[in-house]
Amino acid sequence: MSVVITVAPTGPIATKADNPSLPTTPEEIAKAAGDAYSLGASVAHVHLRDEQERPTADLRIGRRVMDMIADRCPILVQLSTGVGLSVPFEEREQLVELRPRMATLNPCSMSFGEGEFRNPPAGVRRLAARMRELGVKPELEIYDTGHLDACLRLRDEGLLDEPLQFSIVLGVRGGMAATPENLLTMVRRLPEGAIWQVIAVGRASLPLTAVGLAIGGNARAGMEDTIHLAKGKLTDGNDPLVQRAVGLAHDLGMEVAGTDGTEKLLQLPRPIEPATS
Ligand code: KMH
Ligand code: ZN
C-alpha cells in the first residue's frame with residue numbers, strides 16, 4: 001500500500017522570529033520543497049510570503065516560487081488559496097490562474113484563532129468553478145463537520161468532481177479540537193472513495209498524523225503545522241518533520257508514493273494548457 005506525503009514548509013502565521021529555520025523567501029521555499037522531495041514527499045503545499053515575510057497572493061511571487069520548485073524537482077505543487085487571514089479572498093482566488101496541479105479550497109468562513117478567515121459562499125463557488133475549468137484539483141480544507149456538508153453541496157451542484165480530496169484540519173481555534181474522536185467522526189462521514197489526510201496543528205500534529213496513517217489517510221508534515229519537533233524543541237527546518245512522517249509510514253509497512261504514483265492515487269485531472277494565439 002502506498003501513501004502520499006505532502007510537505008507544507010511554510011504557513012500563514014509563523015515567522016522567522018518564531019523559528020529562524022522557517023523558509024519564507026522564494027529560494028528558501030523552493031529549497032525546502034526540493035529537499036522534502038528527495039526525502040519522499042510528492043506534494044508541496046505552498047504559501048507565499050512577501051519581502052517583509054507577510055502572506056501574499058502576489059502572482060509574480062507565485063510564478064517565481066513555482067518555477068524555482070520546478071527547476072529543482074518534479075514535486076506536485078498545491079498552492080494555498082487560503083494564503084493568510086489579512087489577504088482578501090478576491091486576491092487569493094487569483095492564484096489558481098498560475099495553474100498549479102492542486103490548490104486548496106476552504107469552503108466556509110470561520111473564526112481562526114483571534115482572526116477571521118473569510119471564504120464567502122459566492123466566492124467559494126466561483127473559485128471551485130474556475131479550478132474545474134483549469135484542471136486544478138481542489139484540496140478541500142474542512143475544519144468542522146458543517147464544512148464537509150458544504151463540500152458535498154458543491155459536489156451536488158456539479159462544482160466538484162469525485163474523488164473528493166480532503167484535508168481534515170484539527171486544532172485551529174474556531175474549528176474542531178484535535179482529538180482522535182473528531183478525526184474518526186469526520187472520516188466516517190466522508191463520501192465513498194474520498195481521499196484524505198490529517199492536518200493537525202501544534203503538538204497534536206504527530207499523534208494525529210500517526211492515527212490518520214494507521215486508519216487509511218495520507219500524511220502531511222512541515223512547519224506550517226508545527227515549528228517544534230518535540231515539546232520545547234524547535235525543529236531545525238522541514239527535513240526532520242518530513243523524515244519523521246516518511247518513517248511513520250515505513251514503520252506501518254507502507255510505501256511512500258512518488259509523483260507518478262501520487263498522480264494516480266489522487267486521480268489528478270490533466271492540467272488545461274493556456275490557449276496560444
Ligand atoms: N494552516 C491551515 C490550517 C490553506 O492553506 O488553504 C490553514 C490554511 C489554509 O493555511
Ligand atoms: Zn496552508
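## Notebook: the ligand site and some single residues

I began with ligand 1 and looked up its surroundings: of the 13 residues around it, the ones that come nearest are H47, S80, T104, N106 and E224. I note at the outset that I am working with a predicted model, and I keep that in mind for each entry below.

**Entry on ligand 1.** I asked where ligand 1 sits, and I found it in the largest pocket. I then went through its polar neighbours one at a time. For T104, I found a polar side-chain atom 2.7 Å from an oxygen atom of ligand 1. For H45, a polar side-chain atom lies 3.1 Å from an oxygen atom of the ligand. For G82, the atom concerned belongs to the backbone, and this polar atom is 3.2 Å from an oxygen atom of ligand 1. I also looked up how much of the ligand is covered: taken alone, ligand 1 exposes 300 Å², and the protein buries 96% of that.

**Entry on the zinc ion.** Next I turned to ligand 2, the zinc ion, and asked which protein atoms are its donors. They are NE2 of H45, NE2 of H47 and OE of E224, lying 2.1 Å from the ion. Written along the chain, the spacing of these donors is H-x1-H-x176-E. H45 lies in strand 3 (residues 43-46), while E224 lies in the loop between strand 11 (219-221) and strand 12 (228-230), so this pair ties together parts that are 179 residues apart in sequence. I put the two entries side by side and saw that E224, a zinc donor, is also listed among the residues that come nearest to ligand 1, and that H47 is likewise in both lists.

**Entry on H45.** I stayed with H45, which is placed in strand 3, and asked whether it is buried or exposed. Its relative accessible area is 1%, and buried means under 20%, so H45 counts as buried. E224 is buried as well. Besides serving as a zinc donor through NE2, H45 has a side chain that makes a polar contact with the side chain of Q78, at 2.7 Å.

**Entry on backbone angles.** I then looked for unusual backbone geometry, bearing in mind that most residues other than glycine have a negative phi, and that most peptide bonds are trans. Which residues have a positive phi without being glycine? I noted E53, with phi near 75°, and Q267, with phi of about 50°. E53 lies in the loop between strand 3 and helix 2 (59-72), and I recorded it as partly exposed, with a relative accessibility of 22%. Q267 lies in the segment after helix 9 (259-265), and its relative accessible area of 51% puts it in the exposed class. I also looked at the peptide bond from E162 to P163, which is cis, with omega near -5°. P163 itself is found in the loop between helix 5 (145-156) and strand 9 (165-170).

**Entry on L170.** From that loop I moved on to L170, which has its place in strand 9. At 0% relative accessibility, L170 counts as buried. I checked its distance to I142, which is 28 residues away in sequence, and found 8.7 Å from C-alpha to C-alpha.

**Entry on R189.** R189 has its place in helix 6 (residues 180-189), and at 33% relative accessibility I listed it as partly exposed. Its C-alpha atom is separated by 8.7 Å from that of T145, a residue 44 positions apart from it along the chain.

**Entry on P107 and V124.** My last look-ups were two buried residues. P107 is found in the loop between strand 5 (102-105) and strand 6 (110-112), and its relative accessibility is 8%. The C-alpha atoms of P107 and L127 are separated by 10.0 Å, with their positions 20 residues apart along the chain. V124 lies in helix 4 (residues 121-134) and has a relative accessible area of 2%. How far apart in space are V124 and I199? From C-alpha to C-alpha they are 21 Å apart, and in sequence they are 75 residues apart.

Note on methods: Residues numbered from 1 in each chain as written. Chains lettered and ligands numbered in written order. Predicted model: local features only at pLDDT ≥ 70, side-chain atom pairs only at ≥ 80, totals over all residues. Heavy atoms only, no water. Donors = N, O, S within 2.8 Å, 3.2 Å for Na, K, Ca; no water. Helix = DSSP H or I, 4+ residues; strand = E, 2+ residues; numbered from the N terminus. Buried < 20%, exposed > 50% of the residue type's maximum accessible area, 1.4 Å probe, protein only. Near = heavy atom within 4 Å. Polar contact = N/O pair within 3.5 Å; in protein donor to acceptor, adjacent residues only side chain to side chain. Areas by Shrake-Rupley, 256 points an atom, 1.4 Å probe, with all protein chains shown as cover. 1 Å grid on protein atoms, 1.4 Å probe; cavity = no way out; pocket = protein on both sides within 12 Å on 5 of 7 lines; lining within 4 Å. Sits in = over half its atoms within 2 Å of the grid points.
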